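Me: Could we go through this protein together, starting from the whole fold and ending with one strand?

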Amino acid sequence: MNRSVRALLATALVLGIAGGAAGPVSASVPADGAPGSRPAASGALRAQDAPDARALRAAIDGLPRQDAVAALVRVGGTNGSWRGSAGVHDLPSGRPADPAGRFRAGSVTKVFTAATVLQLAGERKLALDRTTRHYLPDLIPAAYGKVTVRQLLDHTSGIPAADLPGRNPEEWYAHRFDVHTPRSMVASATAKEREFAPGVSQHYLNINYTVLGLLIERVTGHAYAREVSDRILRPLGLRSTYFPGADPRIRGPHNRGYQVFATPGGDVELRDVTVWGPTDGWAAGDIISTTADLERFTTALFDGRVVRGPLLEEMFTLPDASVRTHGSGEPARFSAGLSVFTLGGRQVWGKTGGRWGYNSVVAATRDLSRTLVYSVGATDAKGKDANATAMGIVVAAFGAPPAA
């Protein structure tokens with residue numbers, strides 16, 4: 001985690017992200033044995049291990065405010081659970097945010113994609129160390145012929161990003177209903193020179209998971225969305241989770257998403273960005289879900305009920321220590337579908353997601369003593385800086401990162 005993010009986390013912890021009581025806050029701490037909770041590993045919950053309800057409430061109190069209009073939070077694990085929501089369903093009505101509302105989970109989609117690929121590897125329908133070109137010779141050119149499936153999973157392929165319209169929020173907004181096909185995005189990316197030799201560096205890019213989505217389709221003969229639904233969504237009972245295809249709307253109950261835009265006069269305005277085309281994300285970032293469904297998925301995944309046996313370790317294994325982040329030289333921190341941080345003196349594995357109007361996370365300690373899922377109605381969900389409300393929730397749930 002870079003120094004600027006550490007500073008944001010520390011600031012969020014000190015200030016408590018507390019504002020005026022502009023938005024409603026609801027919270028609950030279910031009793032042991034409540035749906036979504038797990039019995040304490042020791043047989044008795046220690047008070048100091050329980051979620052810090054006061055800090056969690058403070059992290060979402062006062063919504064809506066400048067950086068976010070709503071927050072839906074679920075903290076769980078063997079050490080107890082906490083549920084909270086704050087903010088508004090929409091700004092015009094000001095009615096409370098729906099804690100069960102659906103939202104765009106963005107790059108959390110990659111965890112589902114990675115899990116599906118690893119299931120297929122367990123069934124010997126593909127091999128992680130075989131080249132991607134072996135499976136997709138008509139799509140992956142010879143220049144990328146040495147890229148393996150594993151290198152797509154951990155973003156060490158060297159394939160550059162696809163060319164998509166949008167250099168700033170205004171341009172993205174103007175093109176929000178453009179339809180992008182996975183094959184055209186891969187063709188755009190692989191027409192360029194590689195960023196680095198496969199396996200040498202790590203660069204987190206959607207294109208890796210776009211290729212993996214096409215790989216899933218090739219080896220199964222089924223559409224990506226159908227395969228993930230059959231393998232993960234239906235078996236786990238994730239009834240509020242779905243893939244939108246080209247539909248720019250969010251089906252069912254959901255809170256509205258907003259984005260800050262600059263005005264010609266130098267001021268800013270909030271625009272409703274709830275309806276937005278999802279096709280640029282696809283297998284890398286288009287899933288729509290709820291906090292309850294994502295909590296169930298996270299628990300099942302870490303429990304070994306989605307990816308079984310040794311292949312699950314791929315999700316908790318970083319590239320070789322010699323592999324550094326492309327452009328910054330920092331240590332690689334992405335595995336197959338997940339990334340890792342140190343928070344509160346312990347390793348936390350998870351995945352963030354960002355789509356216009358929505359920030360999300362799934363995260364947990366490896367032993368499932370603590371899990372976190374949130375959706376934050378961030379007003380700058382695609383910004384370069386971390387969202388203050390989201391970071392406040394992370395600190396309240398897991399603790400602060402180590403000092404710089």
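A few questions and replies follow.

This is a predicted model, in which local features need pLDDT of at least 70, side-chain atom pairs count only at pLDDT 80 or more, and totals for chains, interfaces and linings use all residues. Residues are numbered from 1 along each chain as its sequence is written, and side-chain values use heavy atoms, with hydrogens and water left out.

Me: How many strands are in the protein?

Reply: Helices (H or I, at least four residues) and strands (E, at least two) are DSSP runs, numbered from the N terminus. Alongside eleven helices, the protein has 13 strands.

Me: Is strand β2 enclosed or not enclosed by the rest of the structure?

Reply: Buried means under 20% relative accessible area, with a 1.4 Å probe and protein chains only. In the protein, 55% of the 404 residues are buried. For β2, residues 68-76, nine of the nine residues are buried, so this strand is largely enclosed.

Me: Over how many bridges does β2 pair with β13?

Reply: Two strands pair if DSSP finds at least two bridges between them. Gly76 stands opposite Thr371 in β13. The pairing of β2 with β13 (residues 371-378) is antiparallel, and its bridges number seven.

Me: Which residue takes a positive phi in the hairpin of β2 and β3?

Reply: β2 also pairs with β3 (residues 82-87), in the antiparallel sense over six bridges, and Ala71 has Ala86 as its bridge partner there. The hairpin has five residues between the strands, and the residue with a positive phi, near 120 degrees, is Gly77.

Key. Buried means under 20% relative accessible area, exposed over 50%, partly exposed in between (1.4 Å probe, protein chains only).
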